[in-house]
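The exercises below are to be worked with the sequence and the model open side by side. Each task is followed by a solution in steps.

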Amino acid sequence: MNLLSNSYFVLFLIILIGFIIGRVKIKGISLDVSAVIFVALFFGHYGVVVPKDFQFIGLVLFIFTVGIQAGPSFFESFKKNGRDLAFLASILVLSAGFITFLIYYVGGVDKNLSIGLLSGALTSTPGLAVAIDTTGSSLASIGYGIGYPFGVIGVIIFVSFLPKFIGVKISDEEAKYKQDITTEYPEIIQRHFIVENENVIGKSFEEIDIRFMTKAVISRVLHNNIAFAPEPHTIFNKGDIIKAVGTENAMERVKLLIGSETKKSIPLSSKFDVKLILVTNKEVVKKTLGQLHLLNKYHATVTRIRRSGINISPSPSSKLQFGDKIMVVSSKENMQQVIRIFGDDDKQLSNTDFLPISFGIILGVLVGKLSVNFGNFSFSLGLTGGILLVALILGRTGKTGPIMWTMTGAANQILRQFGLLFFLAAVGTSAGSSLESTFQNYGGELFLYGALITLIPMLVTTVIAKYLLKINILTLLGTLTGSMTSTPGLAAVDNMVDTDAPAVAYATVYPIAMVLLIIVIQILSLV
């Protein structure tokens, strides 16, 4: 039996060799998981091909998990810096289109071949479909075949070396990004205050509405040396000590409203307990803390929410997400009831429900096949665009009835890596099989043109992003790969960094870049 004709043996052999090569570092730079595609190109060149089914299985898993992870922050990101990212995506795609125009208008290359080069250089299969449809020429697919290999490899090389080239340390940029996150979600602290303000003495917590007034949570009160968790009818008495939890700004507001800060702390009463509880009960996911009526029913108070490594000051309107960790103060007799409400079952985090994954991917495939007609112009999102759009929406939605769309970080990472490796191995062997023949038939000139369409727009976009818009390198890397519609490029970036900033930027600009590219191809075919 020839093992190299065994598709699954070849698949895992390519992955194994790719991982070995990917761990080799030269001056601190390694290819990591992206080395798989280079190994696959080598195998493909010698006639060993991984079936395309693996490519599509890998593609849908990778894109779906990217969308699910990026969904919660995608729409918020679009509100904040979406205009800048959309501008950069437009610059990249339009400059690629202009270079393509020069190649056939000044360079004398066949227009249909040039349009194919454009779609290949930007690794856009939907772009190729539009190119073939609008030109009606097989030259478009040949141009795509010539431009695609460097479109894949060129983006990986560019984003891998870009931080070193411009003298930026990824670790420093990650620190800045995390600092920005900290600014957006300030550190949660706790302090003690003495009730001194005559305006609150004698009034109840409900009357003062201290949560609304200060944005802080009062977790404990010390009255006549007796510590207890406050209830709505609890009265502020002069000399009482309260424990407040919140941001630095919230503490300042508590000081103004209640009285001066004190170093004296409140001992926890033997009747009360404090626990960090894991939210794993699907019934409470997407519900607000106010809807649970914890204080009235169980004399329990949530003092902080920890989500994705960030501490969030809770409010009655705070919606719970699966996997949140919440700090709860409650009477000991009610604590077990409170725990049951939230679940606190870490086994649930390791369970991956494939029903929503399968359902979500099927929805994405169907959405990708929808076509919108505008006269002679038709548009569809295609496989990648449809799955990405649906995954973003589902990731943002989080839960629909009993179906949980979100995944834990560990489950998402495993599925993403699994899909990525299949995708890279199949794409690489497919491109490698035609690399030599296309070079022999059409010469190195067209490869050079394809490389120019790939590299020059990324250089232009990088200069504008860094020196004009001052965009963080993590966001820039995601913007470049998303604008180039390069899944392997995102894979390379994903393994370079330890934040979701590139994935969010990729998800933000990908639909914009794809629509723009289709429009540019339509315009070029008419010129």
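**Exercise 1. A loop residue and its distant partner**

Does Lys 169 count as buried or exposed, and at what relative accessibility?

Solution. The model is a predicted one, and the values that follow are computed from it. Begin with the position: Lys 169 lies in the loop between helix H6 (139–165) and helix H7 (170–184). Next take the accessibility, which is 56% for Lys 169. The cut-off for exposed is over 50%. Lys 169 therefore counts as exposed. Finally, look across the chain: Ile 473 is 304 residues away from Lys 169 in sequence, yet their C-alpha atoms are separated by 9.2 Å.

**Exercise 2. The chain as a whole**

State the secondary structure content, the buried share and the accessible surface of the protein chain.

Solution. Counting elements gives 20 helices and 13 strands. Of the 527 residues, 53% count as buried. The accessible surface is about 24,200 Å², and carbon and sulfur atoms hold 60% of it. For the contacts, take those with a separation of 6 or more: residues 24 or more positions apart account for 81% of them.

**Exercise 3. Nonpolar cores**

Identify the largest nonpolar core, the residues with the most contacts inside it, and the helix that supplies its largest share.

Solution. In soluble globular proteins, nonpolar side chains tend to be buried together. Here the largest nonpolar core has 106 residues. Ile 14, Phe 64, Leu 118, Leu 122 and Ile 453 have the most contacts inside this core. Its largest share, 18 residues, comes from helix H3 (residues 52–105). A second core, separate from this one, has 21 residues, including Leu 292, Phe 322, Ile 326 and Met 404.

Now take Ile 453 and set aside its neighbours within four places in sequence. The contacts that remain for Ile 453 are Ala 96, Ile 99, Thr 100, Ile 103, Leu 117, Leu 118, Ala 121 and Leu 122.

**Exercise 4. The faces of helix H15**

Check the length of helix H15 (residues 354–369) against the expected span, then decide where its buried residues lie around the axis.

Solution. The helix has 16 residues, which at 1.5 Å a residue should span 22 Å. The end C-alpha atoms of H15 are 23 Å apart, which agrees with that span. List the buried residues of H15: Pro 356, Ile 357, Gly 360, Ile 361, Gly 364 and Gly 368. Viewed down the axis of H15, the buried residues fall within an arc of 130°, so they line one face of the helix. The spacing can be read with a general rule: an α-helix has 3.6 residues a turn, so residues three or four places apart point the same way. On the other side of H15, the exposed residues are Leu 355, Leu 366 and Lys 369.

**Exercise 5. Order and pairing in a sheet**

Give the strand order of the five-stranded open sheet, name its edges and trace the pairings.

Solution. The order is E3-E2-E4-E1-E5, with antiparallel pairing. The edge strands are E3 and strand E5 (261–262), since each pairs on one side only. Strand E2 (residues 217–223) has six of its seven residues buried. Three bridges join E2 to strand E3 (residues 226–228), where Phe 228 is the bridge partner of Val 221. Five bridges join E2 to strand E4 (residues 241–246), and Val 217 has Val 245 in E4 as its bridge partner. E4 also pairs with strand E1 (residues 189–194), over six bridges; His 192 stands opposite Lys 243 in E4.

**Exercise 6. Positive phi outside glycine**

Compare the settings of Asn 224 and Asp 209, and give the phi of each.

Solution. Asn 224 has a phi near 55° and sits in the loop between E2 and E3. Two residues lie between the strands of that hairpin. With a relative accessible area of 61%, Asn 224 is exposed. Asp 209, also not a glycine, has a positive phi of about 50°. Asp 209 occupies the loop between helix H8 (205–208) and helix H9 (210–214). Its relative accessibility is 38%, so Asp 209 counts as partly exposed.

Technical notes. Residues are numbered from 1 along each chain as its sequence is written. This is a predicted model: local features need pLDDT of at least 70, side-chain atom pairs count only at pLDDT 80 or more; totals for chains, interfaces and linings use all residues. Side-chain values use heavy atoms; hydrogens and water are left out. Helices (H or I, at least four residues) and strands (E, at least two) are DSSP runs, numbered from the N terminus. Buried means under 20% relative accessible area, exposed over 50%, partly exposed in between (1.4 Å probe, protein chains only). Contact means heavy atoms within 4.5 Å. Accessible areas come from the Shrake-Rupley method with a 1.4 Å probe; for residues, only the protein chains shown count as cover. A nonpolar core is a set of buried Ala, Val, Leu, Ile, Met, Phe, Trp, Tyr and Cys residues joined through side-chain atoms within 4.5 Å. The expected span of a helix is 1.5 Å times one less than its number of residues. The arc is that of the directions from the helix axis to the C-beta atoms. Two strands pair if DSSP finds at least two bridges between them.
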